[in-house]
Amino acid sequence: MAEKRNTKQKQVIYSVIKELKCHPTAQQLHQILVERGYNIGASTVYRVLADAVDDGIIMNVFSFDKNEHFDGNPVPHYHIICTKCGRIFDSHVPYDPEIDERGRLADEDFLITSHNLEYVGICPECQNEQEIGRASCR
């Protein structure tokens with residue numbers, strides 16, 4: 001297997017995704033990078049994110065908007081998805097590895113390796129807004 005290069009562009013992408021408290025799509029992350037003055041192509045962002053998910057450096061999360069979002073925190077944890085603005089938040093509920101074991105016991109024919117859990121609700125910001133608009137990821 002060829003060794004992957006650790007380019008300056010890759011380092012910038014990793015740094016920004018880990019800094020963000022939101023869970024951006026590749027397109028949103030590319031826009032954030034452009035706004036911050038980085039000259040990184042969209043295809044590079046997509047490729048780096050895909051490789052980072054494969055390598056376990058970041059996590060991907062799917063939402064109601066049917067887009068793949070990215071989370072700079074690869075440690076297993078749960079998410080909350082706001083049905084008004086579509087943003088994804090980290091939940092404070094501790095990850096429960098026992099759920100994997102319950103899955104293994106219940107579905108013995110499967111090799112259960114992990115689980116995902118997303119809560120669905122309305123975020124505090126949307127609860128306080130009269131007119132709901134699409135929230136940005138910053």
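1. Order of the elements. Reading from the N terminus, the elements of the chain follow the pattern α-α-α-β-β-β-β-α-β-α. That adds up to five helices and five strands. Please keep in mind as you look around that this is a predicted model.

2. Overall extent and burial. Measured out along the principal axes, the box that the C-alpha atoms of the chain fill is roughly 55 × 50 × 25 Å. The chain has 138 residues, and 33% of them are buried.

3. The first salt bridge to look up. The model has three salt bridges by the rule used here. One of them joins arginine 36 and glutamate 19, whose closest N and O atoms are 2.7 Å apart. Glutamate 19 belongs to helix 1 (residues 8-19), while arginine 36 sits in the loop between helix 2 (26-35) and helix 3 (42-54), so this pair ties together parts that are 17 residues apart in sequence. Both ends are partly exposed: arginine 36 has a relative accessibility of 38%, and glutamate 19 has one of 42%.

4. A salt bridge further along the chain. Glutamate 125 and arginine 87 also meet through their side chains in a salt bridge, at 3.4 Å from N to O. Here glutamate 125 comes from helix 5 (residues 124-127) and arginine 87 from the loop between strand 3 (79-82) and strand 4, so the pair ties together parts that are 38 residues apart in sequence. Is each partner buried or partly exposed? Glutamate 125 is partly exposed, at a relative accessible area of 41%. Arginine 87 counts as buried, because its relative accessibility is 18% and the cut-off for buried is under 20%.

5. A salt bridge inside one helix. Arginine 104 pairs with glutamate 101 in a salt bridge, and their closest N and O atoms are 3.2 Å apart. Why are these two about one helical turn apart? They are three residues apart in helix 4, so about one helical turn separates them. Arginine 104 is partly exposed at 33% relative accessibility, and glutamate 101 is partly exposed at 33% as well. As general background to these pairs, side chains of opposite charge can pair when their charged atoms come close.

6. The largest pocket. If you would like a place to zoom in, try the largest pocket, which has a volume of about 260 Å³. It is lined by 18 residues, and those closest to its centre are Met59, Asn60, Pro76, His115 and Asn116. Which element gives the most to this lining? That is strand 1 (residues 59-62), with four residues. Sorted by class, the lining of the largest pocket holds ten nonpolar, seven polar and one charged residues.

7. Strand 2 and a contact across the sequence. Aspartate 71 is found in strand 2. With a relative accessibility of 4%, aspartate 71 counts as buried. Its C-alpha atom is 5.0 Å from that of methionine 59, although the two are twelve residues apart along the chain. Methionine 59 also appears among the residues closest to the centre of the largest pocket.

8. The loop between strand 1 and strand 2. Two residues here are worth a look. Lysine 66, placed in this loop, has a positive phi of about 65 degrees although it is not a glycine. The side of the story about accessibility is simple: lysine 66 is exposed, because its relative accessible area is 74% and exposed means over 50%. Aspartate 65 is in the loop between strand 1 and strand 2 too, but it is partly exposed, with a relative accessible area of 30%. The C-alpha atoms of aspartate 65 and threonine 83 are separated by 9.6 Å, and these residues are 18 apart along the chain.

9. A nonpolar patch on the surface. Which residues form the nonpolar patch? They are Ile80, Val93, Leu117 and Tyr119, and together they have about 280 Å² of accessible area. Valine 93 can be found in the loop between strand 4 (88-90) and helix 4 (98-106). With a relative accessible area of 36%, valine 93 is partly exposed.

Terms used: Residues numbered from 1 in each chain as written. Predicted model: local features only at pLDDT ≥ 70, side-chain atom pairs only at ≥ 80, totals over all residues. Heavy atoms only, no water. Patch = residues over 30% accessible without salt bridge, like charges linked within 9 Å, V, L, I, M, F, W, Y side chains within 5 Å. Areas by Shrake-Rupley, 256 points an atom, 1.4 Å probe, with all protein chains shown as cover. Salt bridge = Lys/Arg side-chain N within 4 Å of Asp/Glu carboxyl O. Buried < 20%, exposed > 50% of the residue type's maximum accessible area, 1.4 Å probe, protein only. 1 Å grid on protein atoms, 1.4 Å probe; cavity = no way out; pocket = protein on both sides within 12 Å on 5 of 7 lines; lining within 4 Å. Points joined across faces, edges and corners; volume = space filled by probe spheres on them. Nonpolar A, V, L, I, M, F, W, Y, C, P; charged D, E, K, R; others polar.
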